[in-house]
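Q: Please take a close look at one helix in this model. Which of its residues are buried, which are exposed, and what covers the buried side?

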Amino acid sequence: MASPYPEGDREKVASKLPPALQQELKIRCAELGLDIKDAATAAITTWRTSSQFERDIDTSGAKSFSTWLPLGLYDGFKATCSERGLSYIQGLVQSIRAWLDDNPSPKEVTRPAETRRIVVCNQKGGVGKTTISAGVAEAHAEADGIGAKCLRNFVESLTEIELERLNRTREQLLAVVADYTAGGQRVLLIDYDPQLHLSNQLGIPAISVGEESLVTHMTGEPRGDIRDLVVPIEDPRFGGRLHVLPGTREGFLLDSKLALTAAQSRGFQKETALERALRPLEEDYDVIVIDSPPSLGLSMDAGLYYARRRPNEKPGRSGVLIPVQSEDSSADAYQMLVDQIDDLRDDLHLEIDLLGIVVNLFDSRRGYIATSSLEEWHNLEDQAVIAVVDDLKEQRETVRLKKPLLAYVPESKQANVMRLIVAGAGK
Ligand SMILES: Nc1ncnc2c1ncn2[C@@H]1O[C@H](COP(=O)(O)OP(=O)(O)OP(=O)(O)O)[C@@H](O)[C@H]1O
Ligand SMILES: [Mg+2]
């Protein structure tokens, strides 16, 4: 995998590590397809920002170890060691140990029998579909074990007001997060929206009009393998497990192309077009997350069909996740979406699971409008509110910087809200 740092921006550093740890690092990097220098970079960067670091790991028998780090990182690392009263070898051993624990061997992670499919949708614009799609995908792909720890601390630190907004007690939430199993999974994040917000926000080039794309694969005009369109997110945080299928502006024509193809080709079923296109990818991924456009057209029917519960799939694993806002117009939009889901269920005899409502951009300064609307979301009979998200500056910063949220601020409130959504989805 390509390194996110050009070779010229690195410096060679020499230190010491116990041979057993060096060997473990070498094997783990090979298993995860990572360069040792990228793993060391991630290890040191995370250790420096983490407030939970171990003390006094045995460093006896340490032998020389050298690697290449981004310019300045080693100086910063040495300063952190001094602040924490640690030798450089102890600091390095702690960093590498924590990284190994956070990036387990892929063999240790259980793979689901059926790829989990999460379709994030709402035809209302700007409610947080792209934000939540990316965060949910990142939470599934980050190292196994890391999210569970952060999430538990987060729930412990929620204020009474925050718990009240969620309409849950701390004990109820702790029970939900106790069996948090996300992390360490191979994840595909799909930009299904021709506005290309997801691709742009992650700094990934969109697919040009006229090129091979998800649209050509859905409308029966593919020239190559859909797997060739997928792009990895290079950040070491995700250990090569997070991939993106970039969007294309041609998606603006998808509804009419689907209608035309159905009219021209006998037996072409519009609703199954997304599923047919994505099937070849499913064996490579444990979770597929779809960022839907703000529309309710034929392409959305195909998205909803893809979210349906498959035979032998447990309820609540795949389905639709719906971000909303605490305002009246969101309620009208929600009703239209649910009506469309009901129509599809009846017409095609499907089960489509509603994984939960995320009330996003909650602004308590809006007083009664916000609180009464939140109460209405809690009163819905068909699904639960699984998270209430404030307007958080980290979210806007991460978009501006074109960085994945869970890599930019992994221990922030917003990152933990994403993990909370994953924990609550389908429960
Ligand atoms: N909780 C939040 N805190 C701060 N900013 C947020 C939050 N959620 C979303 N935003 C910002 O609000 C804007 C709209 O969010 P987003 O793009 O996720 O919505 P969307 O539903 O995908 O929109 P569209 O319908 O246009 O695709 C973005 O600029 C995003 O960064
Ligand atoms: Mg969007």
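The answer below takes helix 1 and then follows its surroundings outward.

A: This is a predicted model. Start with the length of helix 1. It runs over residues 19-32, 14 residues in total. At 1.5 Å a residue, helix 1 should span 20 Å. Its end C-alpha atoms are 20 Å apart, so expectation and model agree.

Now the buried side. Leu21, Leu25, Arg28 and Leu32 are the buried residues of helix 1. These four cover an arc of only 70° around the axis, which puts them on the same side of the helix. The general rule is simple: an α-helix has 3.6 residues a turn, so residues three or four places apart point the same way.

Turn to the face pointing away from that buried side. Here helix 1 carries the exposed residues Pro19, Ala20, Gln23, Lys26, Ile27 and Ala30.

What covers the buried residues? Strand 1 (10-17), helix 2 and helix 4 are among the elements that do so. Just after helix 1 comes glycine 33, with a positive phi of about 70°.

Next, the wider setting. The domain assignment divides the chain into domain 1 (7-103) and domain 2 (111-424). Their C-alpha centres lie 35 Å apart. The contact between them takes 10 residues from domain 1 and seven residues from domain 2. Two of the elements that cover helix 1 return here: helix 2 and helix 4. Helix 2 (36-49) and helix 4 (88-102) each supply at least two residues of the side of domain 1 that touches domain 2. Helix 2 gives the most, with four residues. By class, that side of domain 1 has four nonpolar, three polar and three charged residues.

Across in domain 2 (111-424), one helix deserves a brief look. Helix 5 (129-141) gives two or more residues to the shell around ligand 1, as do strand 9 (354-362) and helix 16 (393-401). In total, 19 residues surround ligand 1. The closest are Gly125, Lys129, Thr130, Thr131 and Pro294. By class, the shell has six nonpolar, nine polar and four charged residues.

Helix 5 also holds glycine 135. It counts as buried because 28 C-beta neighbours lie inside 10 Å. Leaving aside neighbours within four places in sequence, glycine 135 is in contact with Leu405, Leu406 and Met418. The C-alpha atoms of glycine 135 and valine 417 are separated by 8.7 Å, although the two are 282 residues apart along the chain.

Terms used: Residues numbered from 1 in each chain as written. Chains lettered and ligands numbered in written order. Predicted model: local features only at pLDDT ≥ 70, side-chain atom pairs only at ≥ 80, totals over all residues. Domains from an automatic or database assignment. Nonpolar A, V, L, I, M, F, W, Y, C, P; charged D, E, K, R; others polar. Near = placed C-beta within 6 Å. Expected span 1.5 Å × (residues − 1). Buried ≥ 20, exposed ≤ 12 C-beta atoms within 10 Å, placed from the backbone. Arc of directions from axis to C-beta.
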